Amino acid sequence: QQKYSDAARDLEKLAAEVETGTQTFTKDIITPDAPKAAKEKKEKTGKTAAELATEARKAAYDADMKTVQFQADFYDMTADAQIKKYEELRKKHATFLKESVEDARTLALQLKRLGEDSAQSRYDFSVTWIDAESKRMEDSGKSELKIAEMKLASWTRLRNRYAKDSAEYIAADDQVRQSRKNVATATEAEARAQYNASSKWISAEERRMSDAGKSETEIAQMKIDAWTRVRNSSAVGPEGIAERDALLKEIARMQLEHDRELTDRTLADQQDALKDEKDAKTKAYEAEKTAAEAQYDALTAAFDAYSGDIKSIEDGIAAYRVSASGSANNTILTELDGFLTEYRAKMASITQINAESKKAADLARYNSNKDAYDVAKKSGNTT
């Protein structure tokens with residue numbers, strides 16, 4: 001009986017220490033019993049040493065349990081903090097809990113309840129955070145789409161922390177579905193706003209380019225480029241897509257007309273170029289013809305003025321060659337050179353014949369004179 005009285009006083013002392021904060025729980029709350037002799041002896045109470053040890057372990061367990069409960073109430077511990085304390089208690093009194101099924105079951109139920117409370121507590125905290133983050137983003141000027149996307153991502157993460165059959169999962173999943181709808185609605189609204197802003201800018205740019213004298217092709221190309229940028233940078237609604245498709249058809253039509261115009265213009269330019277080339281060649285031919293006729297006339301005059309001196313013909317040909325050096329007909333010059341060579345050969349032959357004829361005449365005259373002299377000599381008439 002004295003032992004239990006001492007244990008009660010120890011518990012009261014422990015409670016006082018917990019209340020003042022001096023209890024750190026770094027050692028056993030109740031001093032374990034001194035080792036007993038191997039041989040069991042009956043106490044005056046009639047209990048064995050093993051029975052007494054079991055009772056001591058239960059008293060120690062009960063004391064620690066009351067301490068944890070007191071701390072939970074006094075410090076208003078969270079479910080997670082209480083779970084940590086009770087897990088330490090279960091580890092410390094593992095031997096006793098193996099002996100006492102009832103106490104082990106009671107502790108297990110306590111941990112289960114705290115686990116449920118902890119899950120709900122974490123869930124409630126996450127919900128509070130999502131609401132606070134939504135307000136913060138709204139105050140900082142974030143778009144409805146950005147806020148909706150944040151909620152969808154947050155509710156999805158929160159839902160995935162719990163089992164699919166849990167109340168928290170079901171509640172979070174409902175929020176995920178609603179968040180998806182909100183994202184879709186916000187996306188469509190932002191796309192429409194983007195379309196309206198882009199359409200307004202494109203219209204203003206079209207007026208500016210038109211006033212600046214830009215062609216329809218250039219304006220259409222500006223539109224298609226602008227709508228392409230809008231489509232690539234953000235979500236575009238049906239209006240933007242239809243506008244871009246219409247512009248694509250329009251630009252294709254205008255490009256076809258432009259290509260046809262360029263083709264017609266190219267053919268006309270080619271015809272003009274051919275005509276100009278023909279006219280230029282005709283003029284050059286006429287000029288060359290006139291020059292050639294004048295040169296032939298000069299050469300003919302040189303031949304007509306020939307008086308037996310080959311030098312005059314050579315000078316005429318040389319003058320012709322110099323004057324027609326840029327455009328003379330090589331065939332004609334070659335023929336003239338051949339003619340001159342042949343002419344020289346004939347003149348040399350004629351000169352030789354003339355020399356031989358003179359020599360023969362001189363010889364004939366000599367012979368005739370010699371014959372006359374011989375006749376006179378015979379007649380004695382030598383005077």
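**Close-up 1. Length and burial of helix 6 (residues 144-159) in the predicted model**. Helix 6 has 16 residues and, at 1.5 Å a residue, should span 22 Å; its end C-alpha atoms lie 22 Å apart, which agrees. The expected span is 1.5 Å times one less than the number of residues, and helices are DSSP runs (H or I, at least four residues) numbered from the N terminus. Among the buried residues (under 20% relative accessible area, 1.4 Å probe, protein chains only) of helix 6 are Leu145, Ile147, Met150, Trp155 and Leu158. Helix 5 (101-139) and helix 7 (167-211) are included in what covers the buried residues of helix 6, contact meaning heavy atoms within 4.5 Å.

**Close-up 2. The ring pair of Tyr61 and Phe96**. Four aromatic pairs are counted, a pair being rings of Phe, Tyr or Trp (its six-membered ring) with centres within 6.5 Å; planes under 30 degrees apart count as stacked, over 60 as edge-to-face and the rest as tilted. The rings of Tyr61 and Phe96 have centres 5.0 Å apart and planes at 35°, so this pair is tilted. The pair joins distant parts of the chain, with Tyr61 in helix 2 (residues 49-74) and Phe96 in helix 4 (residues 94-99), 35 residues apart. Both Tyr61 and Phe96 are buried.

**Close-up 3. The ring pair of Phe70 and Phe74**. The ring centres of Phe70 and Phe74 are 5.5 Å apart and the planes lie at 15°, so the pair is stacked. Phe70 and Phe74 are four residues apart in helix 2, about one helical turn. Phe70, at 29% relative accessibility, counts as partly exposed (between 20% and 50%), as does Phe74 at 42%. Ring pairs link Phe70, Phe74 and Tyr75 into a cluster.

**Notes.** Residues are numbered from 1 along each chain as its sequence is written, and side-chain values use heavy atoms, leaving out hydrogens and water. In this predicted model, local features need pLDDT of at least 70 and side-chain atom pairs count only at pLDDT 80 or more, whereas totals for chains, interfaces and linings use all residues.

Key: Helices (H or I, at least four residues) and strands (E, at least two) are DSSP runs, numbered from the N terminus.
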